[in-house]
Amino acid sequence: MTIEEQVKLLKKGVEEIVPEGQLIAKLKKSAKTGKPLRIKYGIDPTGSQVHIGHLVPIRKMRQFQDLGHIGVIIIGDFTAQIGDPTGKNETRPTLTKEQIMINCEKYMDQLYTVLDKDKTEVRFQTEWFGSMTMADVIKLMGKFTLAQFMAHDTFRKRYESGLPLGMHEIMYPILQGYDSVAIESDIELGATEQKFNLLAGRDMQRYHNQEEQVAIMSPILMGTDGVNKMGKSLNNYIAVFDTPKDKYGKVMSIPDNLIINYFTYATNLSDEEISAVQMRLEAGENPKNLKQLLARELVKIYHGQEIAQAEEDAFNSVFAKGNIPDDIEEFSFAEDKIWVIKLLTDTKLCQTNGEAKRMLKQNAVSIDGEKVTDPDLEIELISEIVVKVGKRRFAKIIKK
RNA sequence: GGAGAGGUUCCCGAGCGGUCAAAGGGAACAGACUGUAAAUCUGUCGGCGAAGCCUUCGGAGGUUCAAAUCCUCCUCUCUCCA
């Protein structure tokens with residue numbers, strides 16, 4: 001692949017490259033010397049669930065790996081104790097080291113669904129921060145001024161609106177910046193909201209007489225609600241470890257205006273294929289069709305073509321035709337009769353008796369296709385019945 | 001160190017002795033309409049099999065027949081002054 005082709009590929013789905021010229025120079029240099037570039041991406045092992053929003057830059061890293069470069073994953077075991085203030089309007093609770101280690105292992109398992117393990121280096125911040133002295137830390141802090149931090153929206157807004165802003169939080173960019181020095185990063189990947197942190201890396205490298213890294217920023221993937229960025233706290237994410245069924249279903253529930261966005265950042269479709277989708281949308285085709293295509297593509301990446309197709313068939317069967325899914329959870333009971341409310345809570349279809357009653361009252365419960373509304377009803381358990389709550393909660397009850 | 005303002009149910013935010021399981025909004029859930037989309041309309045939104053009861057308003061005590069509301073101490077946050 002020529003350098004021009006490489007640049008075109010690497011620019012795809014990227015929001016901003018700072019500075020772009022330097023990326024080209026680095027690629028050229030690497031091609032000439034045969035020395036692979038070191039591509040940095042830092043993770044914050046505060047949770048163990050990786051969602052497809054995290055994977056936008058990770059997928060970019062994979063492209064670099066396919067071009068022969070090295071991906072370096074930094075486990076932010078120090079920064080995790082701070083909690084990334086970026087984009088947050090509140091402080092985060094700190095984590096114990098034990099918790100971080102557990103999270104980290106699970107995390108990497110998920111990243112390897114995308115990354116090339118042989119070209120991935122995993123590094124812990126402890127390696128370089130663990131042995132630093134206070135004098136070293138003060139020296140690092142001295143490289144920045146408070147004004148620089150206050151120029152940063154995140155800090156300024158927090159400060160101006162009277163929210164607590166911990167002193168340790170301003171260490172976050174400093175630490176992340178120094179990571180780049182420690183691993184001699186050529187390129188750092190991250191979401192656009194990371195800009196400040198990524199640029200801090202360039203500053204740090206310059207202070208340490210190192211060639212500055214190039215910052216490649218990916219857009220922030222919207223959550224399935226279409227309003228907020230994808231994140232765990234809002235429960236609007238599609239996780240790597242979600243079942244294919246959940247992935248398919250979650251894609252189908254995104255707002256229409258997100259379709260192109262997801263195609264661009266979460267699938268492997270080429271620009272040409274995406275334009276084709278765009279044209280079909282503009283031509284007035286039912287967006288549902290394109291969304292199904294999207295759902296299929298996305299599931300395919302993680303589970304393969306066959307499963308993707310199977311999920312689509314199941315989806316159509318259940319939601320378009322109103323059939324009962326064939327893989328619903330089964331429960332067996334020994335009793336001859338059971339009170340509806342108890343049935344609903346025992347099967348976890350409802351969390352509490354109150355919720356069960358509410359569902360009955362709201363016409364949301366059906367047994368073998370018949371609506372049930374009477375909260376005093378006793379169900380006779382003869383053979384096998386299927387209970388449905390709302391549109392998507394099912395359980396099969398078997399007489400023991 | 002001094003002065004002031006605060007911590008309310010998932011979130012924001014009213015309440016300032018009983019009529020408070022606690023207004024309003026958001027989120028969420030359910031129903032109608034659909035394409036498991038959006039928008040809209042309707043309803044629900046602490047727990048317990050009902051009447052009734054139990055737990056909740058930063059924490060611990062106290063006053064009172066009665067406390068989210070009053071008092072004491074503690075704790076956390078914000079603002080202003082050193």
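Colleague: Let's start with K342: buried, exposed or partly exposed?
Modeller: K342 is partly exposed, because its relative accessible area is 37%. Under 20% counts as buried, over 50% as exposed and in between as partly exposed (1.4 Å probe, protein chains only).

Colleague: Where is K342 found?
Modeller: It belongs to helix α16, residues 340-346. Helices (H or I, at least four residues) and strands (E, at least two) are DSSP runs, numbered from the N terminus. The C-alpha atom of K342 is 9.2 Å from that of T352, although the two are ten residues apart along the chain.

Colleague: What should I know about the model before going on?
Modeller: It is a predicted model: local features need pLDDT of at least 70 and side-chain atom pairs count only at pLDDT 80 or more, while totals for chains, interfaces and linings use all residues. Residues are numbered from 1 along each chain as its sequence is written, chains are lettered from A and ligands numbered from 1 in the order in which they are written, and side-chain values use heavy atoms, with hydrogens and water left out.

Colleague: Got it. How is chain A divided?
Modeller: Into domain 1 (3-218), domain 2 (244-320) and domain 3 (330-399), with bounds from an automatic or database domain assignment. The centres of domain 2 and domain 3, taken over C-alpha atoms, are 33 Å apart.

Colleague: And how many helices and strands does chain A have?
Modeller: There are 17 helices and 13 strands. Chain A has 400 residues, and 46% of them count as buried.

Colleague: Which residues have the most contacts inside the largest nonpolar core?
Modeller: They are I52, I73, L111, I187, I216 and Y262, in a core of 59 residues. A nonpolar core is a set of buried Ala, Val, Leu, Ile, Met, Phe, Trp, Tyr and Cys residues joined through side-chain atoms within 4.5 Å. Helix α14 (residues 287-303) gives the largest share, seven residues.

Colleague: Where does this core lie relative to the domains?
Modeller: Domain 1 and domain 2 both give residues to it, so the core lies between them. Apart from it there is another core, of 23 residues, including I338 and L381.

Colleague: Back to I73: what is it in contact with?
Modeller: Contact means heavy atoms within 4.5 Å. Leaving aside neighbours within four places in sequence, the partners of I73 include Y41, M61, L111 and V122.

Colleague: You mentioned Y262. How many residues of its helix, α12, are buried?
Modeller: Six of the eight residues in α12 (residues 259-266) are buried, so this helix is mostly covered. Y262 is one of those six, along with I259, I260, F263, Y265 and A266. They pack against α3 (55-66), α13 (271-282) and α14.

Colleague: New topic, the RNA. Which residues come nearest to RNA strand B?
Modeller: D256, F315, N353, K357 and R358, out of 29 residues around the strand. A residue is near a strand if one of its heavy atoms lies within 4 Å of it.

Colleague: Which element gives the most to that surface?
Modeller: That is α17 (353-361), with five residues. By type, the surface near RNA strand B has eleven nonpolar, ten polar and eight charged residues. Here Ala, Val, Leu, Ile, Met, Phe, Trp, Tyr, Cys and Pro count as nonpolar, Asp, Glu, Lys and Arg as charged, and the others, Gly among them, as polar.

Colleague: What part of the RNA atoms within 4 Å of the protein belongs to sugar or phosphate?
Modeller: It is 68%, and the rest belong to bases. On the base side, a polar side-chain atom of K291 lies 3.0 Å from a base nitrogen. In the side chain of Q362, an N or O atom is 2.9 Å from a base nitrogen. For the phosphate, a backbone N or O atom of G354 is 3.3 Å from an oxygen.

Colleague: Last one: what is unusual about the backbone at N209 and N363?
Modeller: Most residues other than glycine have a negative phi, and most peptide bonds are trans. N209 has a positive phi of about 55 degrees, and N363 has one of about 70 degrees. N209 sits in the loop between α10 (195-207) and β6 (214-218), and N363 in the loop between α17 and β9 (365-367). N209 counts as exposed, at 75% relative accessibility, while N363 is partly exposed at 41%.

Colleague: And which residues does a cis peptide bond join?
Modeller: V18 and P19, with omega about -15 degrees. P19 lies in the loop between β1 (16-18) and α2 (20-33).

Definitions and conventions
A polar contact is a pair of N or O atoms within 3.5 Å; within protein, one must be able to donate a hydrogen and the other to accept it, and residues adjacent in sequence count only if both atoms are side-chain atoms.
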